[in-house]
Amino acid sequence: MSGLILATSLLSNDNSAPAAPSAPSSGQLERPMGDNPAPAAPSAPTGQPEKPLPDNPAPSLPEIPGRGVLRQGDSGHGVYELQVRLLQLPDVYVGGAIDGRYDTGVRAAVARFQKWYGIRGDEAGVYGENTRRDLESRTK
């Protein structure tokens, strides 16, 4: 195996100095270079039985950033987008930061938006499905 590493190292290095062969790790035998093909990689780590594939279908896709319920303490792209949208409405998030952190200022702005625009169904100050739909319809 170290011969393969050595050959790969020599092909990928631009300098002309020969690369030192790496020492075999414990439990591995060093193969001499020659016409022998490289062994196939094992399908499971040594000492570990192969695990059967699960019966259930592929796992669900990850949530799109910015979707789902957002509340104080959250951070990330979704909060950043919320802050940008809140700033587009007059007097809702005046001078508010666009830093991706759902702090007390963002919570107050969301609650203000909900109250002023008659949004129902979401907890005050929480950016839930109803608040998101209404804010997205009013902003870019």
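1. A good place to start is charge pairing: this structure holds four salt bridges. Please keep in mind that the model is a predicted one. Side chains of opposite charge can pair when their charged atoms come close. Three of these pairs are described in the points below, after a quick look at the overall fold.

2. The fold itself is simple to list. The protein has four helices and zero strands, and from the N terminus on its elements run α-α-α-α. Of its 140 residues, 24% are buried. The protein exposes about 10,500 Å², and carbon and sulfur atoms supply 55% of that area. If we take contacts between residues at least 6 apart in sequence, 42% of them join residues at least 24 apart.

3. A word on confidence before you look at details. The average pLDDT of the protein is 75, and 52% of the residues score at least 70. Where is confidence lowest, and where is it highest? Helix α1 (residues 2–12) has the lowest value, with a mean of 47, while α3 has the highest, at 98. Over residues 2–10 the pLDDT is below 50, and this stretch has ten contacts in the model beyond near neighbours in sequence.

4. Now to helix α2, where you can find Glu 81 and Arg 85. Both residues lie in this helix, four residues apart, which is about one turn of the helix. Their side chains meet in a salt bridge, at 3.1 Å from N to O. Are the two partners buried or exposed? Arg 85 has a relative accessible area of 12%, so it counts as buried. Glu 81 is partly exposed, because its relative accessible area is 22%, and the limit for buried is under 20%.

5. Arg 85 has a second partner worth a look, Thr 139. The side chains of Thr 139 and Arg 85 are joined by a polar contact of 2.7 Å. Thr 139 lies in the segment after α4, and it counts as buried because its relative accessibility is 10%. A polar atom of the Thr 139 side chain also lies 2.7 Å from the backbone oxygen of Leu 135. Not counting residues up to four places away in sequence, Thr 139 touches Arg 85, Gln 88 and Leu 89.

6. Leu 135 leads us into helix α4 (residues 129–138). Which residues of α4 are buried? They are Thr 131, Arg 132, Asp 134 and Leu 135. What covers them includes α2 (77–87) and α3 (104–116). One of these buried residues, Asp 134, forms a salt bridge with Arg 138, with the closest N and O atoms 2.5 Å apart. Asp 134 and Arg 138 both lie in α4, four residues apart, about one turn of the helix. Arg 138 itself is partly exposed, because its relative accessible area is 41%.

7. Another salt bridge joins Arg 101 and Asp 99, whose closest N and O atoms are 3.1 Å apart. Arg 101 counts as exposed because its relative accessibility is 52%. Asp 99 has a relative accessible area of 33%, so it is partly exposed.

8. Do stop at Gly 125, in the loop between α3 and α4. Its relative accessibility is 1%, so this glycine counts as buried. What is Gly 125 in contact with, leaving aside its neighbours within four places in sequence? The residues are Tyr 102, Arg 107, Val 110, Ala 111 and Gln 114. Gly 125 and Lys 115 are ten residues apart in sequence, and their C-alpha atoms are 9.6 Å apart in space.

9. The loop between α2 and α3 holds Asp 91. This residue has a positive phi of about 65 degrees although it is not a glycine. Asp 91 is exposed, because its relative accessible area is 55%.

10. Finally, the surface. Tyr 80, Leu 87 and Ile 98 make a nonpolar patch of about 250 Å². Among them, Leu 87 lies in helix α2, and it counts as partly exposed because its relative accessibility is 35%.

Terms used. Residues are numbered from 1 along each chain as its sequence is written. This is a predicted model: local features need pLDDT of at least 70, side-chain atom pairs count only at pLDDT 80 or more; totals for chains, interfaces and linings use all residues. Side-chain values use heavy atoms; hydrogens and water are left out. Buried means under 20% relative accessible area, exposed over 50%, partly exposed in between (1.4 Å probe, protein chains only). Helices (H or I, at least four residues) and strands (E, at least two) are DSSP runs, numbered from the N terminus. Contact means heavy atoms within 4.5 Å. Accessible areas come from the Shrake-Rupley method with a 1.4 Å probe; for residues, only the protein chains shown count as cover. A polar contact is a pair of N or O atoms within 3.5 Å; within protein, one must be able to donate a hydrogen and the other to accept it, and residues adjacent in sequence count only if both atoms are side-chain atoms. Patches are made of residues with over 30% relative accessible area and no salt bridge: like charges are joined within 9 Å, nonpolar side chains (Val, Leu, Ile, Met, Phe, Trp, Tyr) within 5 Å. pLDDT is the predictor's confidence in each residue, from 0 to 100.
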